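Here is a friendly walk through one protein structure, taken a piece at a time. Keep the picture in view and look for each part as it comes up.

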Protein chains: 2
Amino acid sequence: MPDVKHFDPDAVLDQVVRLFWRRGADTTGIAEIVETTGLSRSSLYATFGGKTRLQAAALGRYLERQSRPVFDALAADTRGLPAITAFFERLVAARCSGEHARWGCLVTNTHATAGGALPEIREHLDRHHDALRAAMRTALQAARAEGGLRPGLDLEAAAEALTLQAYAVNLRSRAGAEAAELLAAVRAVLDGFTTTEER
Amino acid sequence: MPDVKHFDPDAVLDQVVRLFWRRGADTTGIAEIVETTGLSRSSLYATFGGKTRLQAAALGRYLERQSRPVFDALAADTRGLPAITAFFERLVAARCSGEHARWGCLVTNTHATAGGALPEIREHLDRHHDALRAAMRTALQAARAEGGLRPGLDLEAAAEALTLQAYAVNLRSRAGAEAAELLAAVRAVLDGFTTTEER
DNA sequence: CCTATCTTGGACCGGTCGTTCCAAGTTAGG
DNA sequence: CCTAACTTGGAACGACCGGTCCAAGATAGG
């Protein structure tokens with residue numbers, strides 16, 4: 001019997017993700033969300049229930065739509081080291097140029113901001129971290145299978161190290177770091193993990 | 001002839017640094033600063049001139065009092081690799097335990113937040129980055145002098161990579177990352193830069 | 001002691017924050 | 001067509017934002 005929503009909540013959430021991503025969740029007011037999405041405050045609160053909840057939802061959406069596909073591609077890429085290199089090259093490119101240049105990464109940015117907030121937000125951060133590290137480890141295992149890795153390398157620690165490098169790339173790119181500089185740093189770390197001097 | 005300040009601006013700025021560091025500059029209101037410092041709004045604005053200026057001043061103070069001494073110690077430590085290891089061990093310890101546990105780093109946190117703000121703030125970020133990278137390079141040079149480094153290692157890129165690792169340690173520690181995990185990652189990167197399997 | 005100069009407390013400003021609420025509108029089963 | 005169930009626009013809320021202002025107080029050279 002009841003009336004039905006006059007908008008697509010999924011599409012709206014995508015808009016909110018972009019807004020929080022670019023401008024920062026804390027520094028984005030409800031007014032701006034209303035303006036951008038075209039929704040009224042009523043619909044916004046009825047659908048997402050408050051700003052903190054909305055922030056958590058946006059973070060989850062970002063993880064699913066932005067991060068996950070890239071992580072999955074990394075894990076599925078069986079080439080070994082070239083897969084990891086490709087991951088970072090695309091990461092740096094996405095962070096320094098194109099549509100989302102200098103936006104950083106919503107998850108990375110949230111690390112520095114969200115003080116307490118919902119536990120759900122903190123869990124999203126951890127899930128993101130675990131997912132990226134797992135993908136890195138899978139790619140490293142593939143590299144090891146082809147004998148491309150330095151013997152004695154701790155795969156788990158190496159995966160964590162590469163994950164941290166990715167976070168730092170996200171961070172520094174938002175402050176205007178140059179792509180070449182970031183790539184050189186990544187390459188230095190990767191070279192340290194390999195046996196031969198391949199690129 | 002005139003009256004004289006009834007407080008010590010330096011001590012007040014230190015209090016503000018701690019406040020911004022722990023709670024985040026954007027999410028800390030003037031009211032809370034007034035409450036913490038005991039100053040009145042008048043004195044605050046007469047001395048520091050507005051919140052944005054205060055934030056820039058706090059960032060500069062943090063750089064001088066917190067970062068610089070550690071960077072200088074790193075650059076002055078001629079032991080080579082052990083100097084870098086010690087730097088990271090102390091960093092992780094400071095980020096995960098003690099008085100400032102889980103506060104992260106004010107400079108790192110600012111990367112993710114400060115959208116535009118004062119150009120002065122952006123400059124502080126770059127100065128911090130350059131200072132840490134320079135200290136890292138100096139330490140790496142010392143390590144190379146003793147033959148502890150893998151031949152062909154790009155010192156500049158390696159210094160940048162270690163700097164990025166430090167940023168990521170700051171970031172992740174704020175979200176509750178475990179010290180052992182962070183240390184293992186750092187060690188993996190460092191091992192990749194060395195020739196022998198020393199620690 | 002006087003006075004010019006600065007500091008201080010705290011009231012006050014308009015604006016914005018996130019949130020709530022309700023009358024009017026829309027929907028679809030009966 | 002009626003009506004119960006839901007959505008929607010938009011007014012309104014109290015709280016807080018960063019910032020300003022001024023009367024009263026403090027200071028020290030004259």
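## Where the two chains meet

In this predicted model, chain A and chain B touch each other through 36 residues from chain B and 36 residues from chain A. Three residues deserve a look here: B:Leu164, B:Leu171 and B:Arg172 supply 20% of the area that chain B buries against chain A, more than any other three residues. The size of an interface is often given as the accessible area lost when the parts come together. Here the area buried between chain B and chain A is about 3,100 Å², and carbon and sulfur atoms give 61% of it.

Charged and polar groups take part as well. Four salt bridges are counted between chain B and chain A. You can find a salt bridge between the side chains of A:Glu181 and B:Arg133, with an N to O distance of 2.4 Å. The count of residue pairs in polar contact between the two chains is 14, with both partners at pLDDT 80 or more.

Which helices of chain B supply at least two residues each to the side that touches chain A? They are helix H6 (106–113), helix H7 (119–145), helix H8 (155–174) and helix H9 (179–193). The largest share comes from H8(B), with 11 residues. Sorted by class, this side of chain B has 16 nonpolar, nine polar and 11 charged residues.

## The nonpolar core

In soluble globular proteins, nonpolar side chains tend to be buried together. In this model, the largest nonpolar core has 80 residues. The residues with the most contacts inside this core are A:Ile84 and B:Ile84.

Try following the contacts of B:Ile84 in the picture. Leaving aside neighbours within four places in sequence, B:Ile84 is in contact with B:Leu74, B:Met136, B:Ala139, B:Leu140, B:Leu162 and B:Leu190.

## Chain A as a whole

How many helices and strands does chain A have? The count is nine helices and zero strands, so the run of elements from the N terminus on reads α-α-α-α-α-α-α-α-α. Taken along the principal axes, the C-alpha atoms of chain A fill a box of roughly 65 × 35 × 30 Å.

Chain A has 199 residues, and 51% of them count as buried. Sequence positions that are far apart are also brought into contact: among the contacts in chain A with a separation of 6 or more, 72% are between residues 24 or more positions apart.

## Two buried residues in chain A

Is A:Arg61 buried or exposed? A:Arg61 counts as buried because its relative accessibility is 10%, which is under the 20% cut-off. A:Arg61 lies in helix H4 (residues 51–76) of chain A. Not counting residues up to four places away in sequence, A:Arg61 touches A:Asp10, A:Leu13, A:Asp14, A:Val17 and A:Gln66. One of these partners, A:Leu13, is 48 residues away in sequence from A:Arg61, yet their C-alpha atoms are 7.6 Å apart in space.

Now move to helix H8 (residues 155–174) of chain A, where A:Thr163 has its place. A:Thr163 is buried, with a relative accessible area of 0%. With residues up to four places away in sequence left out, A:Thr163 touches A:His129, A:Leu132, A:Arg133 and A:Met136.

## An enclosed helix

Why can H6(A) be called largely enclosed by the rest of the structure? The reason is that seven of the eight residues of H6(A) are buried. Those buried residues are A:Leu106, A:Val107, A:Thr108, A:Asn109, A:Thr110, A:His111 and A:Ala112. They pack against helix H1 (9–23), H4, helix H7 (119–145) and H8 of chain A, together with H6 and H8 of chain B.

## A positive phi in each chain

Just before that helix comes a loop to inspect. A:Arg102 sits in the loop between helix H5 (81–96) and helix H6 (106–113) of chain A. Phi of A:Arg102 is near 65°, a positive value in a residue other than glycine. With a relative accessible area of 31%, A:Arg102 is partly exposed.

In chain B, B:Arg102 is found in the loop between helix H5 (81–96) and H6. B:Arg102 has a positive phi of about 65° although it is not a glycine, and at 31% relative accessibility B:Arg102 counts as partly exposed.

How values were computed:
Residues are numbered from 1 along each chain as its sequence is written. Chains are lettered from A and ligands numbered from 1 in the order in which they are written. This is a predicted model: local features need pLDDT of at least 70, side-chain atom pairs count only at pLDDT 80 or more; totals for chains, interfaces and linings use all residues. Side-chain values use heavy atoms; hydrogens and water are left out. Contact means heavy atoms within 4.5 Å. Buried area is the accessible area (1.4 Å probe) that two parts lose on being put together, summed over both. A polar contact is a pair of N or O atoms within 3.5 Å; within protein, one must be able to donate a hydrogen and the other to accept it, and residues adjacent in sequence count only if both atoms are side-chain atoms. Helices (H or I, at least four residues) and strands (E, at least two) are DSSP runs, numbered from the N terminus. Ala, Val, Leu, Ile, Met, Phe, Trp, Tyr, Cys and Pro count as nonpolar, Asp, Glu, Lys and Arg as charged, and the others, Gly among them, as polar. A nonpolar core is a set of buried Ala, Val, Leu, Ile, Met, Phe, Trp, Tyr and Cys residues joined through side-chain atoms within 4.5 Å. Buried means under 20% relative accessible area, exposed over 50%, partly exposed in between (1.4 Å probe, protein chains only).
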